[in-house]
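Let's take a walk through this one together. Have the viewer open and follow along as we go.

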Amino acid sequence: MKKPFKLITLSDIHIAHQPLEQIQKEFFDEEEGFLAKVIQVAKQCQKEKVKFLGVAITGDLFDHQVSLNSNYAKFAMDLIHTLARIVINDFGGNIIILKGTRSHDLDQIMIFEPFTLEFEDSFFIANTLSYIELEGYDILLIPEEYMKNQNEYYQEAFENQYDLILAHGFLKFNCFNKNEVERSMPEMPIFDQEELVNVARLSIFGHDHVYKSYRDQIYYNGSYSRLCHGEEDDKGALLITMDSKKHKVERLINTLAPNYKAVTLEKLVKGDLNFESAVKAIKKLKENIDFLKIKIGIDTVK
């Protein structure tokens with residue numbers, strides 16, 4: 001029988017979208033940061049005698065092209081190097097990084113290619129459709145690629161069965177979802193969720209910034225942090241537990257994500273709406289909100 005494992009997945013980190021201090025806090029904070037959560041899960045695996053399979057980033061590590069002179073490039077290298085040291089050296093796990101949307105990741109994840117040699121057979125970069133086997137589990141890696149004939153490109157891969165698919169992209173049920181950060185690329189594939197349900201026991205996707213699940217077999221991590229308005233729900237990563245017969249998906253909530261809120265002025269102000277009452281209500285609400293958007297009706301403007 002395949003021995004049970006735990007795997008942490010996250011996506012849509014979008015390095016260089018947030019202020020540097022914010023993203024550093026969300027990943028390196030000693031108590032609530034992502035790295036602290038990784039160590040906690042890995043130690044729990046040791047206690048339960050379960051294999052810690054590692055961490056998978058399913059696309060959009062970067063937000064846009066960054067200069068090697070920038071602090072964001074240094075942060076990216078620090079993050080992945082520290083993650084590899086903890087996951088691989090300290091706990092015997094694996095690191096998997098998938099290429100995301102062209103306009104976000106470009107080819108920048110290839111700066112980590114030396115790690116595939118330093119941590120051979122434990123550090124994987126997926127720029128194209130590929131297959132790996134870890135601890136006896138069959139895993140298909142589907143980065144975001146662009147092709148003329150989607151069915152022909154994926155046909156051979158989808159004729160096989162997998163324990164796990166790690167992917168970046170849209171499915172038919174959410175392909176019209178949009179936000180202020182994501183923009184669909186021409187010729188990006190749109191996957192059929194029913195086909196994937198028949199291909200893999202479990203599929204974990206990046207790209208959609210909102211956590212979603214479909215029939216307990218397909219999940220979206222959602223973005224690790226809140227990056228724009230319309231993402232008020234909880235953010236974070238996923239913790240996958242799997243054995244030869246069943247699987248479980250739990251959320252690891254990012255408690256350090258900034259708050260976004262959009263409200264209408266007319267609903268915010270109780271009683272008479274005037275300049276003084278509006279300012280007072282906005283100031284009170286803003287005390288606990290990082291990014292506040294106030295919408296004002298046309299009649300109020302007049």
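Is F115 buried or exposed? F115 is buried, because its relative accessible area is 8%, and buried here means under 20%, with exposed being over 50% and partly exposed in between (1.4 Å probe, protein chains only). You'll find F115 in helix α5, residues 113–118. Helices (H or I, at least four residues) and strands (E, at least two) are DSSP runs, numbered from the N terminus.

Before going on, a word on what you're looking at. This is a predicted model, where local features need pLDDT of at least 70, side-chain atom pairs count only at pLDDT 80 or more, and totals for chains, interfaces and linings use all residues. Residues are numbered from 1 along each chain as its sequence is written, and side-chain values use heavy atoms, with hydrogens and water left out.

Back to F115 and its neighbours. Leaving aside residues up to four places away in sequence, F115 touches M77, I80, H81, E120 and F123, where contact means heavy atoms within 4.5 Å. Take H81 from that list: H81 and F115 sit 34 residues apart in sequence, yet 8.2 Å separates them in space, C-alpha to C-alpha.

Now zoom out. The chain's secondary structure adds up to ten helices and 16 strands. Along the principal axes, the C-alpha atoms fill a box of roughly 70 × 45 × 40 Å. How does the radius of gyration compare with that of a compact globule? For 302 residues such a globule would come out near 19 Å, and the chain has 21 Å, which agrees. That radius is taken over C-alpha atoms, and the globule rule is 2.2 Å times the number of residues to the power 0.38.

Of the 302 residues, 54% count as buried. Among contacts between residues at least 6 apart in sequence, 69% join residues at least 24 apart. As for the outside, the chain exposes about 15100 Å², with carbon and sulfur atoms supplying 49% of it; those areas come from the Shrake-Rupley method with a 1.4 Å probe, and for residues only the protein chains shown count as cover.

On charge, there are 36 positive and 47 negative side chains, and the centres of the two sets lie 7 Å apart. Lys and Arg count as positive and Asp and Glu as negative, while His and the chain ends aren't counted. Each charge is placed at NZ of Lys, CZ of Arg, CG of Asp or CD of Glu.

Let's drop back in at V50, in the loop between α2 (34–48) and β2 (51–58). V50 counts as buried because its relative accessible area is 18%. Not counting residues up to four places away in sequence, V50 touches P4, F5, K6 and C45. D243 is 193 residues from V50 along the chain, and their C-alpha atoms are separated by 9.9 Å.

Move on past β2 to D60, in the loop between β2 and α3 (71–90). D60 has a positive phi of about 60°, although it isn't a glycine, and at 0% relative accessibility D60 is buried. H207 is another non-glycine residue with a positive phi, about 120°. Look for H207 in the loop between β10 (200–206) and β11 (212–214); with a relative accessible area of 1%, H207 is buried.

Last stop: H104, in helix α4 (residues 102–105). H104 is buried, at 5% relative accessibility. What does the side chain of H104 reach at 2.7 Å? The partner is the backbone oxygen of D63.

Technical notes
Polar contact = N/O pair within 3.5 Å; in protein donor to acceptor, adjacent residues only side chain to side chain.
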